[in-house]
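Here's a short tour of one protein model, written for someone just starting out. Have a look at the structure first, then read on.

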Amino acid sequence: MAIDETKRKVLGWSLGISALAGTLGGLGLGVKKSFDPLPSVLEAGVVSVDLSALTLNKPTTIQFRGKPIFIIKKDNMNFVNEKRDVKIGDYFYSIMIGSCTHLGCIPAWKQEKFVCACHGGQFDSSGINTFGPPPKPLVIPAFKIQNSNIVLGEVGPEYTKLVNS
Ligand code: FES
């Protein structure tokens, strides 16, 4: 009788420990999954832009992480700002987030500058604020140069140099 009682207690403890381990394991798995990025986030992590495909002296707009990115390939030194533009091969490139630094509207390209329809703010072709309420230049997104591509979403030495100049 005493042995059966002991067996029952051991079995009870075993089941309790198994259940607890299962619960903790499940919680751990839940926590792990909640920190893993969704596949859509992983896919949106970086975008590689082939520079040879860009039109000269006009912005090309790329959607990246839900925002427009303007890239202008320049061959005219009159429009180059070496503190804002990066030289790759024979051309300079302006890369900026197309979100007005006043209240976030998307500026449009008009007569070689960006004009914001919301309150009339203006930016030059390198993204410098030149008129109206925008308090600062368009933001340069993180990028790196890889072969003849700009990779958005990764930090390269060219990006670091521009944002620290
Ligand atoms: S949001 Fe662009 S000028 Fe106000």
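## A sheet and a core

Let's start with a pair of strands: β3 (residues 67-74) and β5 (residues 91-97) run antiparallel and share six bridges. Strands here are DSSP runs of E with at least two residues, numbered from the N terminus, and two of them pair if DSSP finds at least two bridges between them. In β5, Ser94 sits opposite Ile72.

Keep in mind that this is a predicted model: local features need pLDDT of at least 70, side-chain atom pairs count only at pLDDT 80 or more, and totals for chains, interfaces and linings use all residues. Residues are numbered from 1 along each chain as its sequence is written.

Zooming out, β3 and β5 belong to an open, antiparallel sheet of four strands in the order β2-β3-β5-β4. Its edge strands pair on one side only:

| Edge strand | Residues |
|---|---|
| β2 | 59-64 |
| β4 | 85-88 |

Now for the core. The largest nonpolar core has 15 residues, and Ile69, Phe70, Ile71, Tyr93, Ile95, Phe143 and Ile150 have the most contacts inside it. Such a core joins buried Ala, Val, Leu, Ile, Met, Phe, Trp, Tyr and Cys residues through C-beta atoms within 7 Å; buried means 20 or more other C-beta atoms within 10 Å of a residue's own, with C-beta atoms placed from the backbone. β3, β5 and β11 (149-152) each supply at least two core residues.

How sure is the predictor? pLDDT, its confidence in each residue from 0 to 100, averages 84 over the chain, and 73% of the residues score at least 70.

Key: pLDDT = per-residue confidence, 0-100. Buried ≥ 20, exposed ≤ 12 C-beta atoms within 10 Å, placed from the backbone.
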